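Me: Could you take a close look at one spot in this model for me, and then show me how that spot fits into its surroundings? I'd like a connected account rather than a list.

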Amino acid sequence: MTTLSARFGLTAAATIAALALTGCVANNPAETADKTITVDSSANDCAVSANEAPSGNLVFSVTNSGDQVTEFYLLADDGLRIVGEVENIGPGITRDLVVIVQPGDYFTICKPGMIGEGVGKTAFTVTDSGADLSFSGDIEAQVEAANANYKSYVKDQIENLVVGTEDFAAAYIAGDDNAARALYAPTRVFWERVETVAESFGDLDPRMDLREADLEDGQEWTGWHAIEKDLWPADAEAGFAAYDQSTRESLASQLVADTNTLYSNVQELEFTLDQQTNGAIGLLDEVASGKVTGEEEFWSHTDLWDFQANIDGARVLYEGVRDILVEKDAELAATLDAEFEQLQSLLDAQKVGDGFRLYTELSTSEIRAFSDQVNALAEPLSRLTAVLVL
Amino acid sequence: MSTDETSGLSRRGLLGLAGAGVVGAGLGVGGAFALGAGGGSAATGNDVASTYPFYGEHQSGIITPAQDRLHFAAFDVNDISRDELIELLRDWSYASARMTTGAAAGDYGPASGPYDAPPDDTGEALDLPPGGLTITFGFGPQLFDERFGLAGKRPAALIDLPKFPSDALQPELVGGDLCIQACSDDPQVAVHAIRNLSRIAFGRATLRWSQLGFGRTSSTTQAQKTPRNLFGFKDGTANLRAEDTAGVNEHVWAASGDGAAWMAGGSYLVSRKIRMTVETWDRTSLREQETIFGRTKGEGAPLSGGSEFTDPDFNQTGRDEAPLIDENSHVKLAHPDNHNGAQILRRGYNFVDGNDDLGRLNAGLFFISYQRDPGTQFVPIQLALSRNDLMNEYVRYVGSALFAVPPGASSSSFVGAGLFDLA
């Protein structure tokens with residue numbers, strides 16, 4: 001296990017937050033004022049309160065005093081390469097840029113109206129504070145590789161989903177309910193592993209993955225869970241009538257068609273680093289909100305399959321950026337390694353053959369242990385974006 | 001001034017408060033309650049303690065400056081007669097009028113009276129100033145079934161709320177025949193009110209659900225600073241304010257021409273218990289949090305620019321021509337411009353009911369809104385939110401109720417008299 005500070009997410013990039021979390025100090029953002037450089041972005045100037053700062057964690061607090069939407073950039077000594085930026089600052093709004101800066105020469109510049117060359121370009125010097133900020137390796141290339149790898153992973157999962165869904169739909173239409181039940185959870189795994197991507201298509205997600213509880217009056221219910229209820233009617237309300245053949249056919253064929261649409265949608269997707277890191281925490285939130293509570297698979301109770309798949313997906317995302325994280329914050333990487341392991345060991349303990357025990361077979365204390373461990377992993381995982389994407 | 005009806009609790013009400021069934025002599029209470037806001041408390045002599053009149057054109061607790069604490073209770077009426085129901089409402093008004101001045105629920109008070117009888121007030125508010133206590137009564141749709149001959153009196157505006165998408169209602173937290181909203185700056189005073197009114201009702205009505213709230217989440221007057229909800233954001237910046245008389249008349253108070261004449265000067269109360277999954281919210285980046293609300297977390301300014309009370313500009317775009325305020329942000333979906341100008345008076349409170357089985361805070365917002373016509377005000381706003389609000393990932397609607405809140409009563413009558421064609 002790692003140190004206390006890493007467990008609380010108090011990593012190098014988060015020293016500001018550390019102050020607020022330390023005991024009973026006044027909950028006053030002014031605590032950090034002496035470290036903060038203010039920037040006044042007006043109609044035609046970009047007034048920075050200092051032109052020099054020690055290397056390390058810098059906070060630029062940018063206030064837009066003009067009447068157009070503005071942006072603020074910290075540029076490298078070539079005046080072109082962007083070291084840090086904060087965009088979309090509405091008139092009157094203040095927003096922070098928090099960035100780790102190495103010793104060297106830089107420029108600050110604002111861009112009211114978000115077009116043109118910008119205004120108030122000023123030299124900014126970062127002196128050597130002695131802090132060790134050196135990164136080895138070519139981070140840019142690593143990020144590019146991570147983005148490309150994740151794209152391949154998503155396409156692969158959705159390809160598997162297409163094939164699995166076709167088999168599942170065929171069994172369901174043929175009335176082979178045993179086969180359909182056996183295929184249900186193992187097929188949904190391909191959806192759940194990339195759920196944050198799959199559900200990002202606003203029109204498809206409600207058609208494919210809506211839970212009955214989320215319906216509004218008069219809304220047609222389609223997708224996986226509508227079929228799930230028909231296959232596991234034991235927990236359905238009194239008077240629930242099994243679907244007739246034409247309903248089965250229309251639900252199954254729509255699911256297959258929607259899955260194919262999803263397949264085409266993901267072919268051209270490109271990913272950025274922050275989408276990946278936020279995707280990882282998004283998958284943990286899916287576990288915390290739906291799977292740990294047994295609400296996702298309300299009739300089949302196969303929640304642990306989804307749970308494992310969400311974690312698989314989060315781990316893939318994490319592993320994809322782990323090398324970069326080790327460069328930037330080895331302690332956080334060690335924490336995440338340990339917490340992923342711990343969560344996996346809890347899941348392993350519930351494995352039965354190729355699958356898992358049903359949610360309804362878990363004891364209260366087993367569910368509680370899952371929930372606690374999801375929190376233990378998700379809290380440090382939520383620091384990932386801020387550490388990696390600057 | 002006082003009549004037989006208002007001079008004291010009914011015998012039955014006294015049975016609730018004092019098992020020995022002592023019929024009190026009664027105070028000449030009628031006019032004594034016409035204390036204005038800011039007046040001294042009769043019970044404590046504490047000039048700092050504000051009181052609001054119980055009797056008046058409108059019930060207090062609606063446009064009254066929102067107090068800091070809430071105890072809200074919904075009741076089911078027992079198998080009693082129409083007359084017994086009327087008697088209960090009289091008793092409730094009688095005791096409420098006393099308690100809002102800082103007096104005890106019953107005539108003797110918690111530390112006096114027959115030595116062999118239980119006191120007619122439970123006592124925990126003894127020595128406490130009323131803290132601006134208001135007690136507000138409402139009638140649920142179920143009250144208008146066949147039991148009390150009220151079917152023909154049900155106002156059209158008292159609809160059955162539709163099922164909203166993403167509702168996860170728990171039946172034990174839904175509905176009710178009657179409701180009482182007790183608000184005070186002192187939580188113990190609010191609890192004292194509900195406790196004593198519940199006691200008075202024993203045998204006639206029983207608690208269905210109740211809710212404690214703290215940290216008012218809305219301002220109802222311009223002088224009040226906008227408070228924050230448990231997501232850490234200012235809540236109710238664009239709320240209707242009491243000073244906006246025209247707005248309040250248009251959006252809050254029912255008028256005699258609205259359908260049910262007995263509701264003129266009343267309003268309709270929607271309550272929604274909204275569980276917040278604060279643990280996952282706290283793991284969300286500041287960028288996403290502000291995107292979800294469409295406002296800055298610190299100042300509460302719309303992301304299109306300005307300060308807290310600047311009107312949001314939904315056409316203001318940023319990088320890539322994307323709107324600075326997301327299409328599915330809370331501020332956009334709830335804005336009157338997107339609902340034919342519909343506005344509501346929000347009067348909600350934060351809650352933390354301990355924790356759940358998974359070690360998560362059972363926390364959230366107990367949403368209360370007052371409006372003249374829920375079907376054209378609350379429902380379309382909630383539908384838009386339930387369908388598309390980015391916030392839905394972090395909230396869960398677990399309780400829901402709608403009540404007709406009748407107008408205020410004169411000091412010789414009781415709240416709800418008009419429903420029974422009584423003066």
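Reply: Happy to. Let's begin with the overall layout: chain A is assigned domain 1 (8–127) and domain 2 (139–388), with bounds that come from an automatic or database domain assignment. The C-alpha centres of these two domains of chain A lie 38 Å apart. A word on conventions: this is a predicted model, where local features need pLDDT of at least 70 and side-chain atom pairs count only at pLDDT 80 or more, while totals for chains, interfaces and linings use all residues. Residues are numbered from 1 along each chain as its sequence is written, chains are lettered from A and ligands numbered from 1 in the order in which they are written, and side-chain values use heavy atoms, leaving out hydrogens and water.

Now for the close look, at B:Ser304. This serine sits in the loop between helix 6 (286–293) and helix 7 (330–334) of chain B; helices here are DSSP runs of H or I with at least four residues, numbered from the N terminus. With a relative accessible area of 5%, B:Ser304 is buried (under 20% relative accessible area, using a 1.4 Å probe and protein chains only). Apart from neighbours within four places in sequence, its contacts include A:Gly90 and A:Pro91 from chain A, and B:Asp311, B:Pro312 and B:Leu324 from chain B (contact means heavy atoms within 4.5 Å). Another partner in contact is B:Asp313, whose backbone nitrogen lies 2.9 Å from a polar atom of the B:Ser304 side chain.

Those chain A partners lead us to the interface. There, 31 residues of chain B are in contact with 32 residues of chain A. Together the two chains bury about 2500 Å², 44% of it on carbon and sulfur atoms; buried area is the accessible area (1.4 Å probe) that two parts lose on being put together, summed over both. B:Arg283, B:Arg319 and B:Leu358 supply 32% of the area that chain B buries against chain A, more than any other three residues.

Charged pairs appear here too: the rule finds seven salt bridges across the interface (a side-chain nitrogen of Lys or Arg within 4 Å of a carboxyl oxygen of Asp or Glu). B:Arg319 forms a salt bridge with A:Glu85, with the closest N and O atoms 3.1 Å apart. On the side of chain B that touches chain A, helix 5 (278–281) and helix 8 (378–388) each supply at least two residues.

Key:
Buried means under 20% relative accessible area, exposed over 50%, partly exposed in between (1.4 Å probe, protein chains only). A polar contact is a pair of N or O atoms within 3.5 Å; within protein, one must be able to donate a hydrogen and the other to accept it, and residues adjacent in sequence count only if both atoms are side-chain atoms.
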